[in-house]
Amino acid sequence: HEEEASESLKQVLYGGTMAFLVLAGFVIFFLVMYMRRKTKNIVEKQQLQTQFSQELLRTQLEIQEQTLKNISQEIHDNIGQVLSLAKLNLNTMDITKQDELMDKIGNSKNLVSKAIQDLRDLSRSLNTDSISAMGLLRAIEYELEMIKKSGVYKTVFDIEGTIVRLDSQKELIIFRIVQEVLNNILKHADAKTITVFATYNTDLELKITDDGNGFDAGQINNNITSGLGLHNMESRAKMIGAGFRINSEQGKGTEVILKIPLNNLNGVV
C-alpha cells in the first residue's frame with residue numbers, strides 16, 4: 001500500500017509538474033507574442049509618425065513655393081501697377097500748371113497709400129503667426145474682405161454650428177487650401193460672387209462656390225498638367241485626414257468641398 005501511495009503521489013506530482021510546465025509555456029508564449037505585437041505596433045507608429053512628418057515637410061515646402069509665387073504675382077499685378085501709376089504722375093508733373101499739379105500730388109498720395117495698405121494686407125494674409133492668432137474662420141473672412149475691397153466681386157461668408165478650433169498646423173494647411181481655391185477663382189473663373197459656407201457638425205465642412213464659367217472636372221482630373229494645383233490641394237487635404245471634392249460644369253460655376261473630421265483634431269486620421 002505504501003508503494004502504491006508513493007507511486008500515486010509521484011504520478012500526481014509528475015502530472016502537476018507537466019501541467020505547470022505547459023501552463024508556464026503558454027504564459028511565456030503569450031508574453032512573447034504580446035511583446036512582439038507591442039514592439040511591432042511601436043515600430044509601425046514610429047513609421048507612421050515619420051511618414052506624417054515627411055509629408056508635412058513636403059506640404060510646407062509646396063505651400064512656401066506657392067506662397068512665393070503668389071507674392072510675386074500680387075506685387076507685379078497690383079502693388080507694382082499702383083506704384084507705376086504714382087511714378088507716372090510724378091514724372092508728368094508740371095509746376096507751371098498749379099491746378100493739375102495739385103491733382104497729381106493728391107492722386108499720387110492716394111496711390112502710395114493704397115500700395116502701403118495692399119502690402120499690409122498681403123503681409124497679414126501670408127503671415128503664419130497672424131493666421132494662427134486669428135484662427136481659421138477669421139483668416140478666411142479677412143481673405144474674402146480683401147477680395148471684396150477690389151470692387152469686382154461680391155463675397156458671402158456664412159457659419160453654422162458650434163465653432164471648434166483645430167490644431168494650428170492643421171488650420172494653416174486648411175487655410176492655404178482655401179486660399180489656393182480662391183486664387184483659382186480670381187484667375188480663371190470670371191465670377192461675380194464667391195461664397196464660403198462653414199458648417200460644424202461631426203465634421204467641419206467648408207464649401208466654396210462661385211458663379212463663374214466652370215469647367216469639365218473630368219478633363220481636369222485626367223490632365224495632370226492643368227490639374228496639378230487641384231491634385232496638390234487634394235494631397236494636402238488627404239494628409240490631414242480631410243475629404244476633398246470638386247463639382248463643376250461648363251457655364252455653371254464651381255463648388256469645392258472640404259470635410260475635416262472633428263473627432264481627431266490633432267493628428268492624421
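Strand β5 is mostly covered, with six of its eight residues buried. Keep in mind that this is a predicted model. A good way in is to start from β5, look at the strands beside it, and then move out to the cores, the charged pairs and the surface.

**Strand β5 and its partners**

- β5 pairs with β3 in the antiparallel sense, and eight bridges join the two.
- One of the places to spot this pairing is T209, which stands opposite E255 in β5.
- β5 also pairs with β4, again in the antiparallel sense, this time over six bridges.
- Which residues of β5 face I246 and S248? The bridge partner of I246 is V256, while S248 has T254 as its bridge partner.
- β4 and β5 make a hairpin, with five residues sitting between the two strands.
- In the turn of that hairpin, look for G251, which has a positive phi of about 80°.

**The two faces of β4**

- Side chains alternate along β4: F244, I246 and S248 point to one face and are buried.
- G243, R245 and N247 point to the other face and are not buried.
- This fits a general pattern, because in a regular strand the side chains alternate between the two faces of the sheet.

**The largest nonpolar core**

- How many residues does the largest nonpolar core have? It has 39 residues, and I174, L204, L206 and L258 are those with the most contacts inside it.
- Helices α4 (136-149), α5 (168-189) and α7 (228-239) each supply at least two residues of this core, and so do strands β2 (193-200), β3 (203-210), β4 (243-248) and β5 (254-261).
- α5 gives the largest share of this core, at ten residues.
- In general terms, nonpolar side chains tend to be buried together in soluble globular proteins.
- L204 is worth clicking on: leaving out residues up to four places away in sequence, it touches L136, L166, A198, T199, L258, K259, I260 and L262.

**Another core, and a buried residue in α1**

- Apart from the largest core lies another core, of six residues, including I79, A86, L111 and A115.
- N89 has its place in helix α1.
- Is N89 buried or exposed? It counts as buried because its relative accessible area is 14%, below the 20% cut-off.
- Setting aside neighbours within four places in sequence, N89 is in contact with K104, N107, S108 and L111.

**A242, just before β4**

- A242 is found in the loop between α7 and β4.
- Despite the loop setting, A242 is buried, with a relative accessible area of 11%.
- Not counting residues up to four places away in sequence, A242 touches A237, L258, K259, I260 and P261.
- From A242 to E205 there are 37 residues in sequence, and the C-alpha to C-alpha separation in space is 9.5 Å.

**Salt bridges**

- How many salt bridges does a search of the whole structure find? It finds six.
- As a general point, side chains of opposite charge can pair when their charged atoms come close.
- K259 forms a salt bridge with E205, and their closest N and O atoms are 3.8 Å apart.
- That pair links distant parts of the chain, with K259 in strand β5 and E205 in strand β3, 54 residues apart.
- K259 itself is partly exposed, at a relative accessible area of 39%.
- K252 and E249 form a salt bridge too, with their closest N and O atoms 3.6 Å apart.
- K252 is exposed, with a relative accessible area of 63%, whereas E249 is partly exposed at 46% relative accessibility.
- Salt bridges that share partners join R138, E141 and E145 into one network.
- Within that network, the side chains of E145 and R138 meet at 3.8 Å, N to O.
- E145 is partly exposed, at 34% relative accessible area, and R138 is partly exposed as well, at 33%.

**A nonpolar patch on the surface**

- V22, F26, F29, F30 and M33 make a nonpolar surface patch of about 510 Å².
- F26 belongs to helix α1, which covers residues 2-91.
- F26 counts as partly exposed because its relative accessibility is 49%.

Methods: Residues are numbered from 1 along each chain as its sequence is written. This is a predicted model: local features need pLDDT of at least 70, side-chain atom pairs count only at pLDDT 80 or more; totals for chains, interfaces and linings use all residues. Side-chain values use heavy atoms; hydrogens and water are left out. Patches are made of residues with over 30% relative accessible area and no salt bridge: like charges are joined within 9 Å, nonpolar side chains (Val, Leu, Ile, Met, Phe, Trp, Tyr) within 5 Å. Accessible areas come from the Shrake-Rupley method with a 1.4 Å probe; for residues, only the protein chains shown count as cover. A salt bridge is a side-chain nitrogen of Lys or Arg within 4 Å of a carboxyl oxygen of Asp or Glu. Helices (H or I, at least four residues) and strands (E, at least two) are DSSP runs, numbered from the N terminus. Buried means under 20% relative accessible area, exposed over 50%, partly exposed in between (1.4 Å probe, protein chains only). A nonpolar core is a set of buried Ala, Val, Leu, Ile, Met, Phe, Trp, Tyr and Cys residues joined through side-chain atoms within 4.5 Å. Contact means heavy atoms within 4.5 Å. Two strands pair if DSSP finds at least two bridges between them.
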